[in-house]
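Here is a friendly walk through one protein model, going from its core outwards to its loops. Please keep the viewer open as you read.

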Amino acid sequence: MMIGYVAYLIVALVVIMFLSAAIRILREYQRGVVFTLGRFTGVKGPGLIILVPFVQQMVKVDLRVVVQDVPPQDVISRDNVSVKVNAVLYFRIVDAERAIIQVEDFMAATNQLAQTTLRSVLGKHELDEMLAERDKLNSDIQEILDQRTDAWGIKVSNVEIKHVDLNESMIRAIAKQAEAERLRRAKVINADGEQQAAAKLVEAGKMLAAEPQAMQLRYFEALHDIAGERSSTVVFPLPMDLLTIFNKKPDGAK
């Protein structure tokens, strides 16, 4: 009897071990790449998966979006400025078979490819473009990575440049450039104001010349303004036409 119980116990243990090795449960976001005697036989999941122990093996693949930080890269821009740039990469697996079979470690391969692509793309642009056209650069890097990782069954959904670090000398140079740009704009605005004021003065002069009475009223207004300031100095406007009398030469004079 004792031997029979031991035999039953051994059989039960074997069955339990068999079932534990044969039964797999995959979640909704997981897929299983199944190999039978080393050969690929299909992708299964999600749900309950039954494997033949010691004959079939399964590799789990996560289909969720992976967020990967790209380490800071030393980049020399097209205008020979050295900067450090880091980014964040968003991608997911769309083909579990290719992600496992076509590349040894798709995580490391994608990260290394992102680093080289980041240096290559940013090196073709000037520093001002890196700072001002970040959305365009993100789109260019994402497009290149998506094309190159398509053979691995990976879809790169987004790339975001996080930081563009400059040295202190370059920061001071950019500050001087911004200050010079503000001064230039101020001078241009001042010149535009002078030009508009001159145009208005010419227009006003033409109107006053057409109506001499308006010029006389303007004289009175100026006297009123001077008197209102309580100044001891009184200025009497003299029409310029009166000065022409003194400039006239007598008849017969040379």
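Which residues of the largest nonpolar core touch the most other members? They are V83, V85, L89, L118, L122, L145 and I161, out of 32 residues in that core. Please bear in mind throughout that this is a predicted model.

**The core and its surroundings**

Several elements build this core: β2 (30–36), β6 (66–76), β7, α2 (96–101), α3, α4, α5 and β8 each supply at least two residues. Apart from this core there is a second, separate one of five residues, with L26, V34, L51 and M58 among them.

L118 is a good residue to click on. Leaving out residues up to four places away in sequence, L118 touches V70, Q73, V85, A87, I141 and I161. Two of these partners, V85 and I161, are also named among the core residues that touch the most other members.

For the wider setting, the protein has eight helices and eight strands. Buried residues account for 23% of its 254 residues. Among contacts between residues at least 6 apart in sequence, 62% join residues at least 24 apart. The accessible surface comes to about 18,300 Å², and carbon and sulfur atoms hold 59% of that.

**Helix α5, one side inward**

Helix α5 spans residues 134–149, 16 residues in total. From its first C-alpha to its last it reaches 22 Å, close to the 22 Å expected at 1.5 Å a residue. Which residues of α5 are buried? The list is L137, N138, I141, Q142, L145, D146 and T149. These residues lie on the same side of α5, because they cover an arc of only 160° around the axis. The general geometry helps here: an α-helix has 3.6 residues a turn, so residues three or four places apart point the same way.

What covers the buried residues of α5? The cover includes β7 (82–93), α3 (106–122), α4 (127–132) and β8 (154–165). Each of these four elements, like α5, supplies at least two residues of the largest core.

**Two asparagines in strands**

N86 sits in strand β7 and N158 in strand β8. Is N86 buried or exposed? With a relative accessible area of 11%, N86 is buried, because under 20% counts as buried. A polar atom of its side chain lies 3.1 Å from the backbone nitrogen of H163. Setting aside neighbours within four places in sequence, N86 is in contact with V70, P71, P72, I161, K162 and H163.

N158, by contrast, is partly exposed, at a relative accessible area of 29%. The side chain of N158 makes a polar contact of 3.2 Å with the side chain of E160. Beyond residues up to four places away in sequence, N158 touches V88, L89, Y90 and Q142. One of these, Q142, is a buried residue of α5. N158 can also be placed against I141: the two are 17 residues apart in sequence, and their C-alpha atoms are 8.8 Å apart in space.

**Loops and backbone details**

Some backbone features are worth a look in the loops. The peptide bond from G45 to P46 is cis, with omega near 0°. P46 belongs to the loop between β3 (39–44) and β4 (47–50).

Two residues other than glycine have a positive phi. L37 has phi near 55°, and N80 has phi near 60°. Where are they found? L37 is in the loop between β2 and β3, while N80 is in the loop between β6 and β7. L37 is exposed, and N80 is exposed too.

Further along the chain, R218 lies in helix α7 (residues 212–228). The C-alpha atoms of R218 and L208 are separated by 9.0 Å, with their positions 10 residues apart along the chain.

The table below sets out the relative accessible areas of the residues discussed here.

| Residue | Relative accessible area and state |
|---|---|
| N86 | 11%, buried |
| N158 | 29%, partly exposed |
| R218 | 44%, partly exposed |
| N80 | 68%, exposed |
| L37 | 69%, exposed |

Key: Residues are numbered from 1 along each chain as its sequence is written. This is a predicted model: local features need pLDDT of at least 70, side-chain atom pairs count only at pLDDT 80 or more; totals for chains, interfaces and linings use all residues. Side-chain values use heavy atoms; hydrogens and water are left out. The expected span of a helix is 1.5 Å times one less than its number of residues. Buried means under 20% relative accessible area, exposed over 50%, partly exposed in between (1.4 Å probe, protein chains only). The arc is that of the directions from the helix axis to the C-beta atoms. Contact means heavy atoms within 4.5 Å. Accessible areas come from the Shrake-Rupley method with a 1.4 Å probe; for residues, only the protein chains shown count as cover. A nonpolar core is a set of buried Ala, Val, Leu, Ile, Met, Phe, Trp, Tyr and Cys residues joined through side-chain atoms within 4.5 Å. A polar contact is a pair of N or O atoms within 3.5 Å; within protein, one must be able to donate a hydrogen and the other to accept it, and residues adjacent in sequence count only if both atoms are side-chain atoms.
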